[in-house]
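Thanks for coming, everyone. Before I begin, please bring the sequence and the structure up in front of you, and we will walk through them together.

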Amino acid sequence: MSHARLSSLLFGLSLAACSGTVEIPSSDGGADDFRNLCGGTVDMPSGSGGADDSGGTASTGDTGDGGGTGGAGGSASSTSSGGTPLACGGRSGGVCSAEEYCDFPDDSCGTFDTIGRCTPRPGGCPEDCPGVCGCDNQFYCNACAAQQAGVDVSANASCVEPEIDRYTVSYWPGGYDHLTIYKARPEADLCVVLYAEAPSRQSPEGFDIVTVPEVWSVSRILMSKGAASCTPDAQGSAGAAVSATSATGSLTVQTSGSTSFPSTIDVDITVVFPEEPTTDRLRATGLVVGTGEN
C-alpha cells in the first residue's frame with residue numbers, strides 16, 4: 001500500500017473515532033500525525049513509528065492507555081485514614097501519642113506480653129471517686145481519671161490513696177464520744193465528712209460498716225462544696241451538705257496505752273450519695289487523731 005493511501009486511511013479512521021480510542025495498526029510511518037486529532041487518545045502498537053510503549057500523556061493532558069510498562073498514572077495509598085489503632089505494650093514496641101493511652105484487654109496492663117491498642121484519652125470525667133489502681137500503680141478516683149492521665153486501669157493491683165494530707169481526724173469525749181473524719185478533695189472542691197459515735201447507736205438504713213471495736217458506729221456521712229474549709233475549725237463555712245444514702249466498708253479505731261482515747265484510725269468505706277458525684281471512697285491507714293476542736 002502506498003504511503004498516500006495509508007495516510008488517507010489513518011485520517012479517516014481518526015475522524016470516525018473522535019468519541020473514543022483508535023488503535024493504529026503497525027506501520028512504518030505517519031502515525032505521529034494522527035495521535036491527537038480529536039483531543040483524545042490513540043493506542044499505538046509497538047514499532048508503529050514515532051510512538052512509544054510508555055503510555056505517555058497526550059498533549060491535551062489525558063493519560064494514554066498504552067501497552068508495555070507505562071500509563072499507570074501513579075499508585076493509590078495502601079493505608080486508609082481510619083486505619084487499625086497502633087499496637088502498644090508487651091512486645092509490640094509501640095508507643096502511644098501524648099493524646100492517647102494504651103488500652104489493654106481485661107485491664108491486664110500488659111501482663112504476659114499482652115498487646116494493647118492506643119486509644120484516645122477521654123475528655124471530661126465524672127467526679128465520682130470509688131478509687132481504682134492504674135497500671136502505673138498509682139491511685140486514681142475512677143477509670144476515666146486514670147485514662148485521662150494516660151494509663152489504663154489495673155484489674156489486679158491494689159493502690160492506697162496516697163494523699164494522707166487530705167484527711168483530718170478529730171475526737172472529743174462526752175456523754176457520747178465523737179470521732180469525725182474529714183476528707184478534702186481539692187480537684188473537685190469537695191469535702192466528705194464521716195461522723196462516728198460511741199457507745200454505738202443504730203446506723204442509718206443502707207449503712208453496712210464494720211467497726212472495730214464494736215462500741216463505735218457511723219451515724220452519718222456528708223458531702224459538701226469547699227475543700228479548703230474541710231477541717232474541724234472551718235467546717236461551718238463549707239457549702240450545703242448532702243447526706244449519703246448508703247455506705248459499706250470498715251472503720252478501725254486504735255487506742256494508745258492504757259487510755260481509751262483513739263490514737264489512729266484505719267478507714268476503708270465506699271459511700272454513695274444521691275447526686276453527683278454519686279460515689280466516694282474514704283481509704284487510708286494510720287490517720288492520727290487530734291483531740292478537741294483542733
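How much area does the chain expose, and what share of it do carbon and sulfur atoms supply? The chain exposes about 15,600 Å², and carbon and sulfur atoms supply 50% of that area. I should say at once that this is a predicted model, so please keep the confidence values in mind as we go.

On that point, the pLDDT averages 74 over the chain, and 66% of the residues score at least 70. Over residues 6–81 the pLDDT stays under 50, and for that stretch the model has 81 contacts beyond four places in sequence. Where pLDDT is low, the predicted coordinates should not be read in detail.

Turning to the overall picture, the chain is built with 2 helices and 16 strands, and of its 294 residues, 37% count as buried. If we take the contacts in the chain with a separation of 6 or more, residues 24 or more positions apart account for 43% of them.

Now to the disulfides, of which the structure holds 5; I will go through some of them one by one.

Let me begin with the disulfide that joins cysteine 88 to cysteine 102, with an S to S distance of 2.0 Å. Cysteine 88 belongs to strand 3, residues 87–88, and cysteine 102 to strand 4, residues 100–103, so this pair ties together parts that are 14 residues apart in sequence. The torsion about the S-S bond is about 100 degrees, which means that the disulfide is right-handed. As for accessibility, cysteine 88 counts as buried because its relative accessibility is 1%, and cysteine 102, with a relative accessible area of 14%, is buried as well.

Next come cysteine 96 and cysteine 118, which form a disulfide with their sulfur atoms 2.1 Å apart. Here cysteine 96 sits in the loop between strand 3 and strand 4, while cysteine 118 is in strand 5, residues 116–120, so the pair ties together parts that are 22 residues apart in sequence. With -95 degrees about the S-S bond, this link is left-handed. Cysteine 96 has a relative accessibility of 19% and therefore counts as buried, the cut-off being under 20%, and cysteine 118 is buried at 5%.

A further disulfide joins cysteine 109 to cysteine 135, with an S to S distance of 1.9 Å. This pair links distant parts of the chain, 26 residues apart, with cysteine 109 in the loop between strand 4 and strand 5 and cysteine 135 in the loop between strand 6 (132–133) and strand 7 (139–140). The link of cysteine 109 and cysteine 135 is left-handed, with -80 degrees about the S-S bond. Are these two cysteines buried or partly exposed? Cysteine 109 is partly exposed, at a relative accessible area of 24%, and cysteine 135 is partly exposed too, at 27%.

Finally, please look at serine 154, which lies in the loop between helix 2 (143–148) and strand 8 (167–172). Which residues is serine 154 in contact with, once its neighbours within four places in sequence are left aside? They are Asp107, Cys109, Cys133, Gly134 and Cys135, so both cysteines of the disulfide I have just described, 109 and 135, are among its contacts. With a relative accessibility of 15%, serine 154 counts as buried.

Terms used:
Residues are numbered from 1 along each chain as its sequence is written. This is a predicted model: local features need pLDDT of at least 70, side-chain atom pairs count only at pLDDT 80 or more; totals for chains, interfaces and linings use all residues. Side-chain values use heavy atoms; hydrogens and water are left out. A disulfide is a pair of cysteine sulfur atoms within 2.5 Å. Helices (H or I, at least four residues) and strands (E, at least two) are DSSP runs, numbered from the N terminus. Buried means under 20% relative accessible area, exposed over 50%, partly exposed in between (1.4 Å probe, protein chains only). Contact means heavy atoms within 4.5 Å. Accessible areas come from the Shrake-Rupley method with a 1.4 Å probe; for residues, only the protein chains shown count as cover. pLDDT is the predictor's confidence in each residue, from 0 to 100.
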